[in-house]
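Colleague: I'm new to this one and would like to learn how to read it. Could you walk me through a few features, starting with contacts between charged side chains?

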Amino acid sequence: MPEVIFNGPAGRLEGRYQPSPEKNAPIAIVLHPHPRFGGTMNNPIVYELFYMFQKRGFTTLRFNFRGIGRSQGEFDHGSGELSDAAAALDWVQGLHPDSKTCWVAGYSFGSWIGMQLLMRRPEIEGFMSIAPQPNIYDFSFLAPCPSSGLIIHGDADKVAPPRDVNGLVEKLKTQKGILITQKTLAGANHFFAGKNDELLAECEDYLDRRLDGELVPEPAPKRIR
C-alpha cells in the first residue's frame, strides 16, 4: 500500500493509495472523522473500509485532511476539507482516466464531507455514511440526493442520536430515483466500541449486494405513447 503525497488546495496532502490492476476499476475514497477530535486516516474503521473496497478490486484512497499528520494547512470547519476531498478525487482520477465511477465512504465528520462531495460529482454512484451527525451538521443540501447508499449508525449513539439520524433517513426516503438503505446496530455507540466487526460485516454485505445489482431502485416504467 503506497504512501502518497499529492497537492491539495492548502498544500500537500498525505494519503494511502492502492491502485486496482484493472484500468477501468471504480474508485473508492474513504474520509476520516473530525480532525479536532483525533480523526485521522488511520482510524480503525477508516482502515477497514479502505481494505473492504481494495479487496473487491476498487482503486482505493484514504488521506488525512489538512493539518493532520503530514498534510499541510489548518482545520477549516468543513469547507476546506470538502476542497481536500475534491482534490483527492481529482488526483486519483488523473492517474486512472479510464475509471468512470466512484464510491465515497465517510465516518462521522467524514460522512458529512462525503455527502457534500456526492452532490458535486455525478460520477459518484454509491455512498456509505457511517454515524452521520444531522444534529450538528446541516444535511439540507441533499435535495435531491443523487445516488443510492447506506446510512449506518448505532442505537446507543449519544453523539448523533438515533432520532436525528432517523429524521435524515426519512427525508431522503421520500426522494424518487434513489434507494436509501438504513442499518441500526443494537448497542453500538458513536465509536462502535466492541461492534467494529458487526459494522464492517454490514458494510461488506451492502457493497456486495450493490455490486451484484441489488439495492437500487427499479427503473421507472416507460410510458407508452
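Modeller: Happy to. Keep in mind that this is a predicted model. Let's begin with one pair: the side chains of Asp98 and Lys23 meet in a salt bridge, at 3.5 Å from N to O. Asp98 sits in the loop between H2 and S5, while Lys23 sits in the loop between strand S2 (11–18) and S3, so the pair links distant parts of the chain, 75 residues apart.

Colleague: How exposed are Asp98 and Lys23?

Modeller: Look at relative accessibility, where over 50% is called exposed. Lys23 has 61%, so Lys23 counts as exposed. Asp98 has 33%, so Asp98 is classed as partly exposed.

Colleague: How many salt bridges does a search of the whole structure find?

Modeller: The search turns up 11. Another one of them pairs Arg56 with Asp208, and their closest N and O atoms are 2.6 Å apart. Here too distant parts of the chain are linked: Arg56 is in the loop between helix H1 (44–55) and strand S4 (59–63), Asp208 is in helix H5 (residues 196–211), and 152 residues separate them in sequence. Arg56 is partly exposed at 27%, and Asp208 is partly exposed at 31%.

Colleague: Which residue forms a salt bridge with Asp164?

Modeller: That's Arg163, with the closest N and O atoms 3.7 Å apart. Salt bridges can also share partners: Glu3, Glu14, Arg16 and Arg70 are joined into one network that way.

Colleague: Let's turn to helices. How many residues does H3 have, and how far does H3 reach?

Modeller: Compare the end-to-end distance with what the residue count leads you to expect. H3 covers residues 109–120, which is 12 residues, and spans 18 Å from its first C-alpha to its last, close to the expected 16 Å.

Colleague: Is H3 mostly covered or mostly open?

Modeller: Mostly covered, with 10 of its 12 residues buried. Among them are Phe109, Trp112, Ile113, Met115 and Leu117.

Colleague: What do the buried residues of H3 pack against?

Modeller: Their neighbours are strand S3 (27–31), helix H2 (79–95), strand S5 (102–107) and strand S6 (124–130). For a close-up, take Leu82, which is in helix H2. Leu82 has a relative accessible area of 8%, so Leu82 is buried. Leaving out residues up to four places away in sequence, Leu82 touches Ile113, Gln116, Leu117 and Arg120.

Colleague: Why would a helix offer residues with that kind of spacing to one side?

Modeller: The general idea is that an α-helix has 3.6 residues a turn, so residues three or four places apart point the same way. As for distance, Leu82 and Leu117 are 35 residues apart in sequence, and their C-alpha atoms are 6.7 Å apart in space.

Colleague: One last feature: how many cavities of 30 Å³ or more does a search of the whole structure find?

Modeller: Just one. When you read a cavity, ask about its volume and its lining. The largest cavity holds about 50 Å³ of space, and its lining is made of Pro44, Ile45, Glu48, Leu49, Asn196, Leu199 and Leu200. H1 and H5 are the elements that give two or more residues to that lining, and H1 supplies the largest share, four residues.

Colleague: What classes of residue make up the lining of the largest cavity?

Modeller: Five are nonpolar, one is polar and one is charged.

Methods
Residues are numbered from 1 along each chain as its sequence is written. This is a predicted model: local features need pLDDT of at least 70, side-chain atom pairs count only at pLDDT 80 or more; totals for chains, interfaces and linings use all residues. Side-chain values use heavy atoms; hydrogens and water are left out. The expected span of a helix is 1.5 Å times one less than its number of residues. Buried means under 20% relative accessible area, exposed over 50%, partly exposed in between (1.4 Å probe, protein chains only). Contact means heavy atoms within 4.5 Å. A salt bridge is a side-chain nitrogen of Lys or Arg within 4 Å of a carboxyl oxygen of Asp or Glu. On a 1 Å grid over the protein atoms alone, a cavity is a set of points where a 1.4 Å probe fits but cannot get out, and a pocket is an open set with protein on both sides within 12 Å along at least five of seven lines; lining residues have an atom within 4 Å of a point. Grid points are joined across faces, edges and corners, and a volume is the space filled by probe spheres set on the points. Ala, Val, Leu, Ile, Met, Phe, Trp, Tyr, Cys and Pro count as nonpolar, Asp, Glu, Lys and Arg as charged, and the others, Gly among them, as polar.
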